[in-house]
Amino acid sequence: MVVGPGEKISNLSTFTRFLNDLDHHKSGTLQITRYTSEGDPIFADLSTDGSVIRYTFDDSQDKFGGQNKGRQTTTCVGVSARHVAHGTTYVVTGCQDKNVPSELLFVPSSNH
């Protein structure tokens, strides 16, 4: 699935399907590609065997990402939704490495 500048989301159904598979303890994979306002990709790769999530955050191609950018991988236990003003933020939860950015996706209310 792709999230472009301005939070324009393509293929939101693939995210919904991944969450459904996770809820039903099925294996699955998902790649979320978000683009910065400058057009640089940031990747979130998730794979699950139905019980845990292997999560990789990769901002290595973000030209303005600072000095600590790169690829970070951890294991997480779930994905949770936080309802905030104007939409829902999805984050990985129960991750072993707390230094890996946990926010996966913001879905504006207009996309629900």
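# A tour of two salt bridges and two hairpins

Start by selecting Lys63, which counts as exposed because its relative accessibility of 64% is over the 50% cut-off. Keep in mind throughout that this is a predicted model.

**Stop 1: from Lys63 to its partner**

With Lys63 still selected, add Asp40. These two residues form a salt bridge, and their closest N and O atoms are 3.1 Å apart. The partners sit in distant parts of the chain, 23 residues apart. Asp40 belongs to the loop between β3 (28–35) and β4 (41–48), while Lys63 belongs to the loop between β5 (53–58) and β6 (71–76).

Is Asp40 buried or exposed? Asp40 counts as buried, because its relative accessibility of 4% is under the 20% cut-off. This salt bridge therefore joins a buried residue, Asp40, to an exposed one, Lys63.

**Stop 2: the other salt bridge**

How many salt bridges does the structure hold? There are 2. For the one not yet visited, select Asp58 and Arg71, whose side chains meet at 3.7 Å, N to O. This pair also links distant parts of the chain: Asp58 lies in strand β5 and Arg71 in strand β6, 13 residues apart. Asp58 is buried at 9% relative accessible area, whereas Arg71 is exposed at 58%.

As background, side chains of opposite charge can pair when their charged atoms come close.

**Stop 3: β3 and β4**

Now color strands β3 and β4. They run antiparallel and are joined by 8 bridges. To see one place where they face each other, select Tyr35, which stands opposite Pro41 in β4.

Follow the chain through the turn. β3 and β4 form a hairpin with 5 residues between them. Which residue in this turn has a positive phi? Select Gly39, where phi is about 95 degrees. The loop between these two strands also holds Asp40, from the salt bridge with Lys63.

**Stop 4: β4 itself**

Hide everything except β4, then bring the rest back as a surface. The strand is mostly covered, with 6 of its 8 residues buried.

**Stop 5: β4 and β5**

Move on to β5. It runs antiparallel to β4, and 6 bridges join the two. Select Thr48 to find it opposite Ile53 in β5.

These strands form a hairpin as well, with 4 residues between them. In the turn, select Gly50, whose positive phi is about 105 degrees. Finish by following β5 to Asp58, the residue in this strand that pairs with Arg71 in β6.

Note on methods. Residues numbered from 1 in each chain as written. Predicted model: local features only at pLDDT ≥ 70, side-chain atom pairs only at ≥ 80, totals over all residues. Heavy atoms only, no water. Salt bridge = Lys/Arg side-chain N within 4 Å of Asp/Glu carboxyl O. Buried < 20%, exposed > 50% of the residue type's maximum accessible area, 1.4 Å probe, protein only. Pairing = 2+ DSSP bridges.
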